[in-house]
Amino acid sequence: MKNQNTMTVTEAAERLGRTPSNIRQHLTELGGRKIFGRWLLDADRVHEIAQGQVANDQCLQSSNG
């Protein structure tokens, strides 16, 4: 079900330098949708956050644990 506009929790965690657990705490902010029992995130949103284009983003400020 994954396409080029989505990414998995694991992929987002790697891209953002966070743990999968941390990413799951921020599913709403990352455009998360549960499809067939699996969370898929908005890849564009994750890339924006990774590039620092989103000011004061809570996902970037959270601890890595």
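Which residue just after helix 1 takes a positive phi? Gly17 does, at about 70 degrees. The views below come from a predicted model.

**View 1. The whole chain: 4 helices and 3 strands.**
Read from the N terminus, the elements follow the pattern β-α-α-β-β-α-α. The protein has 65 residues, and 34% of them count as buried. Its accessible surface comes to about 4,100 Å². Carbon and sulfur atoms account for 44% of that surface. Among contacts with a separation of 6 or more, 59% link residues 24 or more positions apart.

**View 2. The sheet: 3 strands in the order 1-3-2.**
The sheet is open, and its pairing is antiparallel. Strand 1 and strand 2 (33–35) stand at the edges. Each has a single partner strand, so one side of each is left without a neighbour in the sheet. From one strand to the next, the twist averages 45 degrees. As a general rule, strands of a sheet pair through backbone hydrogen bonds, either parallel or antiparallel.

**View 3. Strand 1 against strand 3.**
Strand 1 covers residues 6–8, and strand 3 covers residues 38–42. The two run antiparallel and are joined by 3 bridges. Thr6 has Asp42 as its bridge partner in strand 3. Met7 stands opposite Leu41 of strand 3. Both Met7 and Leu41 also belong to the largest nonpolar core.

**View 4. Thr6, a buried residue of strand 1.**
Is Thr6 buried or exposed? Its relative accessibility is 5%, so Thr6 counts as buried, the cut-off being under 20%. Which residues does Thr6 touch, leaving aside its neighbours within four places in sequence? They are Arg33, Leu40, Leu41 and Ala43. Of these, Arg33 and Leu40 are themselves bridge partners, with Leu40 in strand 3.

**View 5. The hairpin of strand 2 and strand 3.**
Strand 2 and strand 3 run antiparallel, with 3 bridges between them. One pairing places Arg33 with Leu40 of strand 3. The hairpin leaves 2 residues between its strands. Phe36 lies in this loop. Phe36 is not a glycine, yet it has a positive phi of about 50 degrees. Is Phe36 buried or exposed? Phe36 is exposed, with a relative accessible area of 76%. That value is over the 50% cut-off, so the residue counts as exposed.

**View 6. Helix 1 and its buried face.**
Helix 1 spans residues 9–16. Which of its residues are buried? They are Val9, Ala12, Ala13 and Leu16. Seen down the helix axis, these buried residues fall within an arc of 100 degrees, so they line one face of the helix. Just past the helix comes Gly17, with its positive phi of about 70 degrees.

**View 7. Helices on the sheet.**
Helix 1 lies across strand 1 and strand 3. Helix 1 runs at about 90 degrees to strand 1. Helix 3 also packs on the sheet, touching strand 1 and strand 3. The direction of helix 3 makes about 60 degrees with that of strand 3.

**View 8. The largest nonpolar core: 12 residues.**
Which residues make up this core? Met7, Val9, Ala12, Ala13, Leu16, Ile23, Leu27, Leu30, Leu41, Ala43, Val46 and Ile49 do. Helix 1 and helix 3 (43–50) each supply at least two of them. Helix 1 gives the most, with 4 residues. In soluble globular proteins, nonpolar side chains tend to be buried together.

**View 9. Asn22 in helix 2.**
Helix 2 covers residues 20–24 and includes Asn22. At 2% relative accessibility, Asn22 counts as buried. Val9 is 13 residues away from Asn22 along the chain. How many ångströms separate the C-alpha atoms of Asn22 and Val9? The separation is 9.5 Å. Val9 is one of the buried residues of helix 1.

Notes: Residues are numbered from 1 along each chain as its sequence is written. This is a predicted model: local features need pLDDT of at least 70, side-chain atom pairs count only at pLDDT 80 or more; totals for chains, interfaces and linings use all residues. Side-chain values use heavy atoms; hydrogens and water are left out. Buried means under 20% relative accessible area, exposed over 50%, partly exposed in between (1.4 Å probe, protein chains only). The arc is that of the directions from the helix axis to the C-beta atoms. A nonpolar core is a set of buried Ala, Val, Leu, Ile, Met, Phe, Trp, Tyr and Cys residues joined through side-chain atoms within 4.5 Å. Contact means heavy atoms within 4.5 Å. Accessible areas come from the Shrake-Rupley method with a 1.4 Å probe; for residues, only the protein chains shown count as cover. Two strands pair if DSSP finds at least two bridges between them. Axes are lines fitted to C-alpha atoms, for helices over the stretch in contact, and angles run from 0 to 180 degrees between N-to-C directions.
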